[in-house]
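Here's a quick tour for anyone opening this one up for the first time. Take a look at the sequence and the model, then read on.

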Amino acid sequence: MASLETQLLGITFPNPYILAAGPPTAKGSMIIEAFKAGWGGAVTKTISLEPTPPPSPRVYVIKSGRDKRGMLDIELFTDLTVERWEEDLDIIRAAFPEHPFIASIAGGSEPHDWQEVVRRLEPRGVNGFEMNVSCPNFAEGKGGKLGQDSEALHLAVSWVRDATNLPVIVKLTPNVTDIVELARVALNAGANAFTVGNSLLGLGGIDLDTFAPLPTVDGHGIFGGYGGSGLKTGNTPMCCKRCQSPAAPCLRLRRYFKMAGCRRVFISRGVCSTNMHRGDVEWSSNHSQINRRT
Ligand SMILES: Cc1cc2nc3c(=O)[nH]c(=O)nc-3n(C[C@H](O)[C@H](O)[C@H](O)COP(=O)(O)O)c2cc1C
């Protein structure tokens, strides 16, 4: 019988369907349910030393008629503490001793921010780390701002590289002019692979009654990150550009495919917003209230 078993960075995944970091991987019990449902791996919601309390509502569904075309979110990193994640990762490992999971991590402009999270999570059976240097919902020195700055990116990847021998995957931001340049910087600093990519900076829309951007929190709004089918058109060329240069594996979110000119096959079908729309995995509706206005 054909096998979907897939190797990446020395990790064996039972199949290449890997849940991307986000609400469907917001806590250990959700990852366990996803593994029971057949997912081949998961990347945790991004874990940082300080939990980030989430705004609410923080997701706005983009629709065309009745069709869902993606979502604009203003969500931050995890709202759980590192202690809670330590416990949750132990529970996942006990329930699924062989199933791979990657810890998504984030820090700021101090080595301690990154290295302490690695030090605490590595003994919990994680198979690797994915560095979130690409969330568009943060100000200077964190998330996407960090991943847009070559010098800061180089430093952050070096700190994580120094702290672990496990695979280090860097999740790149599409919100740059030349993604290959940033991939090269990360590779030189010790990254083993890339995920392409995080959400695209955007605006969900404007509330025509209040003129506030959507989703609106207490009458205010801000730019957020777009995830959804529209990213296919952007992430595909980005992945190919990246693969023509640095020779490290690239995990492309959304769809498995292969294209001439790429050095490596993209092995993963990691997705986030589509699972949320379709309800493929549990994610609690009060975790992120979806604004259902069209
Ligand atoms: C509500 C929401 C929360 C997310 N949280 C994270 C996160 O904590 N860490 C991360 O690296 N990416 C996060 N993402 C980004 C997704 O992992 C993914 O990169 C993005 O949505 C694009 O992929 P998609 O088109 O399959 O949704 C989040 C996305 C959404 C919609």
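What follows goes from the whole chain to its helices, its ligand and a few odd spots in the backbone.

## The whole chain

First things first: this is a predicted model. The chain has eight helices and 14 strands. It runs to 294 residues, and 47% of them count as buried.

How much of the contact in the chain comes from residues 24 or more positions apart? Taking contacts with a separation of 6 or more, such pairs account for 69%.

## Helix 5 and its two partners

Two packed helices are described by the angle between their axes and the distance between the axes. Start with helix 5 (residues 150-163) and helix 6 (residues 179-188): their axes come within 8 Å and cross at roughly 30 degrees. The crossing is right-handed. On the helix 5 side you'll find Ser150, Leu153, His154 and Val157, and they meet Leu182, Val185 and Ala186 of helix 6. Sorted by class, that contact has five nonpolar and two polar residues, with no charged ones.

Helix 5 also packs with helix 3 (residues 111-121), where the axes come within 9 Å and cross at roughly 35 degrees. Helix 3 passes helix 5 in a right-handed crossing too. Helix 3 brings Pro111, Trp114, Gln115, Val118 and Arg119 to the contact, while helix 5 brings Ala156, Trp159, Val160 and Ala163. Here the split is seven nonpolar, one polar and one charged.

## Around the ligand

Which residues are closest to the ligand? They are Ala20, Ala21, Gly22, Gly227 and Ser273, out of 27 that surround the ligand. By class, this shell has 11 nonpolar, 11 polar and five charged residues.

Some elements chip in with several residues. Strand 6 (67-73) and helix 8 (273-278) each supply at least two residues of the shell.

## The loop between strand 11 and strand 12

This loop, running between strand 11 (200-202) and strand 12 (224-227), is home to isoleucine 206. Is isoleucine 206 buried or exposed? Neither, quite: isoleucine 206 is partly exposed because 13 other C-beta atoms lie within 10 Å, while a buried residue needs 20 or more and an exposed one has 12 or fewer. Setting aside neighbours within four places in sequence, isoleucine 206 touches Phe211, Pro213 and Leu214. Its C-alpha atom is 8.9 Å from that of threonine 216, which is 10 residues away along the chain.

Proline 215 sits in this loop as well, and a cis peptide bond links leucine 214 to proline 215, with omega at about 0 degrees. Aspartate 218 is another resident of the loop. Aspartate 218 has a positive phi of about 50 degrees, even though it isn't a glycine. Aspartate 218 counts as exposed because it has 8 C-beta neighbours inside 10 Å.

## Other backbone oddities

Why point these spots out? Because most residues other than glycine have a negative phi, and most peptide bonds are trans.

There's a cis peptide bond between serine 56 and proline 57, with omega at about 0 degrees. You'll find proline 57 in the loop between strand 4 (41-43) and strand 5 (59-64). Leucine 9, in the loop between strand 1 (6-8) and strand 2 (11-13), has a positive phi near 55 degrees. Leucine 9 counts as partly exposed, since it has 17 C-beta neighbours inside 10 Å.

Key: Residues are numbered from 1 along each chain as its sequence is written. This is a predicted model: local features need pLDDT of at least 70, side-chain atom pairs count only at pLDDT 80 or more; totals for chains, interfaces and linings use all residues. Axes are lines fitted to C-alpha atoms, for helices over the stretch in contact, and angles run from 0 to 180 degrees between N-to-C directions. Helices (H or I, at least four residues) and strands (E, at least two) are DSSP runs, numbered from the N terminus. A crossing is left-handed if the near helix is turned anticlockwise from the far one by less than a right angle, and right-handed if clockwise. Two residues are in contact if their C-beta atoms, placed from the backbone, lie within 7 Å. Ala, Val, Leu, Ile, Met, Phe, Trp, Tyr, Cys and Pro count as nonpolar, Asp, Glu, Lys and Arg as charged, and the others, Gly among them, as polar. A residue is near a molecule or strand if its C-beta atom, placed from the backbone, lies within 6 Å of it.
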